[in-house]
Amino acid sequence: MQDWTVISQPSTWELLLDFWRFEDMNALWVLMGSVLLGISASIIGGFAFLRKRSLVGDALAHAALPGVMMAFLLFETRDPVVMFLGALTSSFIGFFIIDWLPKNTKIKPDAALAITLSFFFALGLMLLSYIQGLQVENKSGLDKILFGQAAAMTQDDITLLTYVTLFVLLNVALFFQKLRLIAFNTQYARSLGISVKFYEFLLALLIVMSVVVGLQLVGVVLMAAVLLTPVAAARFWSDQLSRILIIAGSLGALSAVISTQISYLAPAMPTGPWMVVSLASLFLLSMLFAPNKGLLKRFLEQKRLRQKVSEENVLRTLYKLNEQSNFTRRYFNLPDIQALRAIPIDTLKKTLRSLGGKDLVVESTKGYRMTDTGMEQATQLTRRHRLWESYLNQQVELTPEQVHSQAERIEHILNEEQEQQLEAELRDRHSDPHGKPIPESQGEIK
Amino acid sequence: MNPDSRKAPITVNNLNMRYQYKPVLTDVSFEIPEGKTIAIVGPNGAGKSTLLKGIMGLEPLIEGEVKFFGEPLTKKRLATAYVPQREEIDWDFPIDVMDVVLMGRHGQLKLWQRPSKLDYEIAEQALKDLQMWDFKDRQISQLSGGQQQRVFLARALAQQASLYLMDEPFAGVDVATEKAIIELFKNLKAQGKTIVCVHHDLNTVGEYFDWIIFINARLVAAGPVETVLTKENLNKTYGGRLSLLNDLTETMYRTRLNQAHEND
């Protein structure tokens, strides 16, 4: 095999074309199988994620390893159904230990999970090295289930995978409402008389089944990532559970396509790590660029708010300067403004420039002057600031010294309705606690 | 059934509950009347929520039994609606208001069944009764505390039960919600339904409720407001626990004496 590839190595591009022409039936089957697995593991993993049992999938995948090895030792065959049943059995034993320990001993769930996971994994590795020392047939590919190897999957593997994943998806579709109810509010579900135990068992069964058929493809070590990363990424995109699950399924499918293809191009590459790395990249992209909850969006919003606040602060300062001169002087320069409000000169210039762009301030050789619209806005801000100061002073009984810094923040978010409500609740609405007049309402600001 | 022969909505007999070895409730027995609003009152850690959960079978009983209209809970499930404490839920869960209220219909839906048009209409009415219809498409994470409480009440209302068990429905809600809950109580009472609430505000208990159950690890008093809302009962309820009773019960649980005794 190794010699043959050296002699006539086709180029990567040719292989890629071959892959997408679907001339290699086996590659097509593997692709379909892994896409199905990506979808079903992501969706069933979504429920584990929502129940805050994210790590259970990881423990179950590790717990499957000794089952596979035992099945091989007992039956000396690599028949997928035998392997599947072996893995299912030991995964379930693991599941019951994880469930039993916290309920009946002082061990907490996280410790139970960690103990079970590492014990089963160690047991599986022991059996694996024992098998590799034996003189038996067929043992060569067994170690592949540690990290997954799509290219090594047989037709029988794919058939089983297809049935199992379809079974999982069908169950999720049927029991979606009940699974969601239990994930949201278990005690309430119990109070309705719903057999929570049955659905918890069903969910565990579906997770175990997805994990076990995924071992060939993704491997024991990384299976948890395929269960959880898609839904964690999808959580950034939507607030609707059905939509989250669909997005998670699509991300799972996409990562399956990427990793199977790489496994086809470079058969020595394990599939699992590739799948997980592509999922993690998708997660990263979602976290940064998701339209509503992405970090980039939050950053931009924060930046816009900061800009708005500094513009409004400068307007207010200009108003106070106007007020100090009894509204006789209209032009002020940078030192005037800085004398009243500590702003770095660069920020101040930038802010004045953007106020100029909005036609709120005009610059001339005499200095800066507010336009009529600018004056209106500045008056309204001052009004809100002083109304809030009066409110805090009168109703919350804060001292005039305390109220100022509070009002500095609140002035930017008060709306017209709240302004009117404030006015209605104040006894004296003509001057603030510092004795400054509260300007009259400007009406609707354009 | 003839109304006179109807059994009490809830009969609690000799109920005992514990947390590990610490006794939470000891020998609680009472019976409540139908068509009344009933408050469970007691200091923090008195076992109010635990009592409600024990009644609903959500926490195990060490001893004792609870009857609903003279029958075990399994036979009266549909007649009973439970409203959990708001804090017990992850309000970041991706679900909207309508879907939460529809959960109230799931006690009657079998396995994979989805809510029908009728279920939607019932949920709609429940939301309207609590002035939450405008919020039906809202994500629950975007609701205020009072609105969250109203969604929970609407969900219980959608169960169309005759007995409502609520865990602190008035805790941390705004004035509008408080009014909505009182209105709801009135309507439910007019239909002859029974409401049991864990309540912590002594100032309003006489105004909102017809009946009071005072507990502090054991039953202090149970009866109509006019007779049991007395200084003496308040002192007994809030004046600290009977420490000897508590200590000895704990020792009993630790030594598993109650089991040893039964095997004699």
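**A six-stranded sheet in chain B and the contact with chain A**

In chain B, an open sheet is built from 6 strands in the order 5-6-7-3-8-9, and their pairing is mixed. The model described here is a predicted one. Strands 5 (80-83) and 9 (219-224) of chain B form the edges of the sheet; each has a single partner strand, so one side of each is left without a neighbour in the sheet. From one strand to the next, the twist averages 15°. As a reminder for readers new to sheets, strands pair through backbone hydrogen bonds, and they may do so in parallel or antiparallel fashion.

A good place to look at this pairing is strand 3 (residues 37-41) of chain B, which runs parallel to strand 7 (residues 194-199) of chain B and is joined to it by 5 bridges. Within this pair, A39(B) is found opposite C197(B) of strand 7. The sheet also has a helix against it: helix 1 (residues 48-55) of chain B lies across strand 3, strand 6 (163-167), strand 7 and strand 8 (211-215) of chain B. Helix 1 runs at about 145° to strand 6 of chain B.

Stepping back to the whole chain, chain B contains 10 helices and 9 strands. Its radius of gyration is 19 Å, close to the 18 Å that the globule rule gives for 264 residues, so chain B is as compact as a globular protein of that length. The C-alpha atoms of chain B occupy a box of roughly 55 × 45 × 45 Å along the principal axes. Of its 264 residues, 41% count as buried. Among the contacts in chain B with a separation of 6 or more, 72% link residues that are 24 or more positions apart.

Chain B also touches chain A, and this contact involves 19 residues from chain A and 16 residues from chain B. On the chain A side, helix 7 (155-184), helix 8 (186-191) and helix 11 (241-265) each supply at least two residues. Helix 7 of chain A gives the largest share, with 6 residues. Sorted by class, the side of chain A that touches chain B has 10 nonpolar, 6 polar and 3 charged residues.

Chain A itself is assigned two stretches as domains: domain 1 (11-292) and domain 2 (297-370). The C-alpha centres of these domains of chain A are 58 Å apart. Further along the chain, R427(A) sits in the segment after helix 18 (416-425) of chain A. R427(A) counts as exposed because it has 7 C-beta neighbours inside 10 Å, where exposure requires 12 or fewer. The C-alpha atoms of R427(A) and Y391(A) are separated by 9.0 Å, although the two residues are 36 residues apart along the chain.

Key
Residues numbered from 1 in each chain as written. Chains lettered and ligands numbered in written order. Predicted model: local features only at pLDDT ≥ 70, side-chain atom pairs only at ≥ 80, totals over all residues. Helix = DSSP H or I, 4+ residues; strand = E, 2+ residues; numbered from the N terminus. Buried ≥ 20, exposed ≤ 12 C-beta atoms within 10 Å, placed from the backbone. Rg over C-alpha atoms; globule rule 2.2 N^0.38 Å. Contact = placed C-beta atoms within 7 Å. Domains from an automatic or database assignment. Nonpolar A, V, L, I, M, F, W, Y, C, P; charged D, E, K, R; others polar. Pairing = 2+ DSSP bridges. Axes fitted to C-alpha atoms, helices over the stretch in contact; angles between N-to-C directions.
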